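Please open the structure in your viewer and keep the selection tool at hand. The stops below can be followed one after another.

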Amino acid sequence: MGKTPKPPKRYFDTATEEEAGDKPKKIKSKPTGDFEGTSHAKSTKIKKERKPKLDVDSMEVIAVNDRQARPYGKKHRQRKPQNKLDDIPVDPTALARHSRGEGLAVTGVKTKFEKIRQKRKDINIEFAAEQAARAEILLNENEGYLEVDDDELTTEVSQGEIVNSVDITTAAKHFNLQLEFGPYRMRYTKNGAYLLLGGKKGHVAAFNWVKKSLLCEMNVMESVHDVAWLMNQTMFAVAQKNWVHVYDSKGTELHCIKSMNRVSRLEYLPYHFLLNSINEEGYLSWMDVSMGKTVTSYNTRLGKTSMMCQNPWNAVTCLGNSKGVVSMWCPSSRDPLAKMLCHSMPMTALTVDPTGTQLATAGLDKTIKIWDIRQLDGPIVTYNLQTTASGIDISQKGLMAISMGNICEIYKKPSVLQRDMRPYLRQRTPVTISNFRFCPYEDILGIATAGGFTSIIVPGSGEPNFDSMEANPFQTLSQRREDEVHSLLEKIPSEFISLNPAQIGEVDVPSLKDRLESKAKLLTMKVPKIDFEPRVKNRMSKAKRFKNKQKVKEVLRNEAIQNIKEAKESLSQLGQGSQESPDFIPLESKSVLDRFRDKKAKKK
């Protein structure tokens with residue numbers, strides 16, 4: 001047996017005097033070759049360099065904390081307690097903005113399990129509202145307006161000066177298209193990435209206005225009265241001379257809606273998948289785009305109407321007529337839900353802001369009035385103009401654009417507190433303005449004229465912080481497909497359109513109680529008592545009179561029994577049918593164990 005080998009040296013061990021004086025060892029290389037058992041390499045000698053001696057006296061001693069140097073030791077260092085998220089206060093205004101109301105009262109819940117379940121649900125809702133309020137600190141983007149000196153006006157600032165002052169990306173969004181088939185109608189998509197143009201002489205074009213990439217361009221060889229995007233940039237509708245035609249993003253005609261003839265205005269309800277139209281004769285129509293069926297169509301008796309807009313808050317359609325009255329319509333009612341006398345003279349334009357709280361109207365009396373559409377009250381603010389306004393639009397941040405001939409003026413947030421009636425910006429076009437709209441999530445105003453299209457920069461008009469789950473300007477192909485599926489699954493029925501959408505979840509308790517009571521009476525109905533007295537005749541004996549009385553009572557009793565049986569049978573057949581009414585009360589409980597019941601009991 002040889003000597004036991006020494007343990008291997010560590011890289012931090014120093015050579016001692018004994019080890020330094022040792023002779024170098026011979027190291028033999030392992031045999032390498034083509035065949036096993038053959039060795040072609042010779043043993044070589046390697047001289048081991050001696051390590052220099054360390055001067056221990058001149059070394060500096062450094063104190064090392066062993067616990068800090070070894071974090072994985074047995075005893076860990078105790079960390080200081082960090083501040084929890086609950087200790088950080090939340091802005092009460094932000095919390096109230098995201099609050100969903102008070103929780104459900106559990107006093108009427110009978111079982112303990114349901115009480116705990118409802119409490120957990122309320123806790124989760126409160127936690128979600130708190131997290132949403134805390135996340136507002138990440139929304140660090142704010143809208144910015146033009147700032148000038150005290151002796152200057154913002155209306156004197158031209159678009160050229162704004163383009164020279166902004167970044168390259170924003171400056172590229174200002175452009176001008178000269179087209180020859182006007183006057184034009186235009187529409188942006190929900191996320192503001194795509195633009196649709198439709199000329200009166202048949203020119204239709206759809207393109208990504210940010211990247212300047214064309215989707216399709218064609219001439220339908222008919223007059224075009226209005227255009228509208230459908231669910232996204234893959235489909236759009238064009239109101240042509242006779243009917244409404246639906247095209248895809250490549251310009252292929254998908255459908256011709258002949259139930260909508262001679263349409264003058266189009267609107268699309270994104271959450272209901274409804275295409276809304278009004279024609280020259282005053283017929284208002286709603287069509288479900290997801291199924292291709294007409295929901296309803298009726299005559300509003302308003303005559304030719306060229307003013308129509310949608311309220312985003314409750315999806316109600318607002319129409320303006322020549323009498324200065326704004327009427328509000330929905331598919332479930334042939335009569336208007338509400339009417340407002342806004343002007344004493346014929347109206348020229350109307351629009352609703354994106355929040356659905358304010359209605360702006362313009363008339364021949366050279367005024368523009370802002371109304372509270374929720375309370376049907378107003379006017380809140382009145383603008384006096386030099387000429388009649390032909391169009392109005394309100395941006396996401398409250399800026400209001402007004403067109404008067406070939407001049408477009410933009411005013412800051414119209415409200416009770418904003419008493420400055422001076423315009424914020426002014427843009428002049430070479431020809432008459434036919435249509436204009438603010439681009440969502442961009443500081444851009446698109447102006448369609450009789451000679452083409454112009455995109456101008458309006459600082460502070462768009463929402464800087466967008467919700468990617470609601471409308472994503474940078475949406476990819478997979479995100480668009482997922483959004484289509486989610487929107488179809490979350491589609492809202494057209495019956496839910498009303499003035500107050502909060503009343504959808506309420507139950508008509510009195511009428512429901514009356515129905516239940518009437519059905520309960522029908523099920524427990526008994527044969528009524530019959531009192532019959534025959535006419536007294538001189539030659540009729542008492543026995544014959546009694547006999548006739550019994551016969552008549554028997555006939556009436558059998559008729560009542562037969563009527564009760566028929567009513568119960570009809571009620572049971574209604575319960576057994578595939579389409580049961582929501583308030584149906586079954587005659588008897590159905591179970592899989594009914595086959596074990598006695599046949600006589602079944603008959604009873």
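Keep in mind throughout that this is a predicted model. For a first selection, pick D149, D150, D151, E152, E156 and E161, which together form a negative patch on the surface. Within that selection, click on E161, which you will find in helix α5, spanning residues 159-165. E161 has a relative accessible area of 44%, so this residue counts as partly exposed, a class that ends at 50%.

For the next stop, select Y271, I492 and F496, which make up a nonpolar surface patch whose accessible area comes to about 250 Å² together. Of these, Y271 sits in the loop that runs between β12 (263-269) and β13 (274-279), and because its relative accessibility is 39%, Y271 is classed as partly exposed.

Now turn to the charged pairs. Side chains of opposite charge can pair when their charged atoms come close. How many salt bridges does the structure hold? There are 15 salt bridges in the structure, and the next selections take you to several of them.

Start by selecting E136 and R97, whose side chains meet in a salt bridge with an N to O distance of 2.7 Å. Because E136 belongs to the loop between α4 (112-134) and α5, while R97 belongs to helix α3 (residues 92-98), the pair ties together parts that lie 39 residues apart in sequence. The two partners fall into separate exposure classes, E136 being partly exposed at a relative accessible area of 24%, and R97 being exposed at 54%.

Then select K173 together with E442, which form a salt bridge whose closest N and O atoms are 2.5 Å apart. This pair links distant parts of the chain, with K173 in the loop between α6 (168-171) and β3 (175-178) and E442 in the loop between β28 (433-438) and β29 (444-449), 269 residues apart. Is K173 buried or exposed? With a relative accessible area of 11%, K173 is buried, because that value falls under the 20% limit.

Move on to D335 and R301, where the side chains meet in a salt bridge at 4.0 Å, N to O. D335 is part of strand β19 (residues 333-341) and R301 is part of the loop between β15 (293-299) and β16 (307-310), so this pair ties together parts 34 residues apart in sequence. D335 is partly exposed, with a relative accessible area of 48%, whereas R301 is exposed, with a relative accessible area of 61%. To finish with the charged pairs, select R185, R187 and D226, which are joined into one network by salt bridges that share partners.

The next stop concerns the cysteines. The structure holds zero disulfides. Select C318 and C309 to see one case: C318 is in no disulfide, and its nearest cysteine sulfur, that of C309, is 4.5 Å away, which means that the gap is not within the 2.5 Å that a disulfide needs. C318 counts as buried, with a relative accessibility of 0%, while C256, at 22%, counts as partly exposed.

For the last stop, select R426, which lies in strand β27 (residues 425-428) and counts as partly exposed at 36% relative accessibility. Add A401 to the selection and compare the C-alpha atoms of the two residues, which are separated by 9.4 Å although R426 and A401 are 25 residues apart along the chain.

Note on methods. Residues numbered from 1 in each chain as written. Predicted model: local features only at pLDDT ≥ 70, side-chain atom pairs only at ≥ 80, totals over all residues. Heavy atoms only, no water. Buried < 20%, exposed > 50% of the residue type's maximum accessible area, 1.4 Å probe, protein only. Patch = residues over 30% accessible without salt bridge, like charges linked within 9 Å, V, L, I, M, F, W, Y side chains within 5 Å. Areas by Shrake-Rupley, 256 points an atom, 1.4 Å probe, with all protein chains shown as cover. Lys, Arg positive; Asp, Glu negative; His and termini not counted. Charge placed at Lys NZ, Arg CZ, Asp CG, Glu CD. Helix = DSSP H or I, 4+ residues; strand = E, 2+ residues; numbered from the N terminus.
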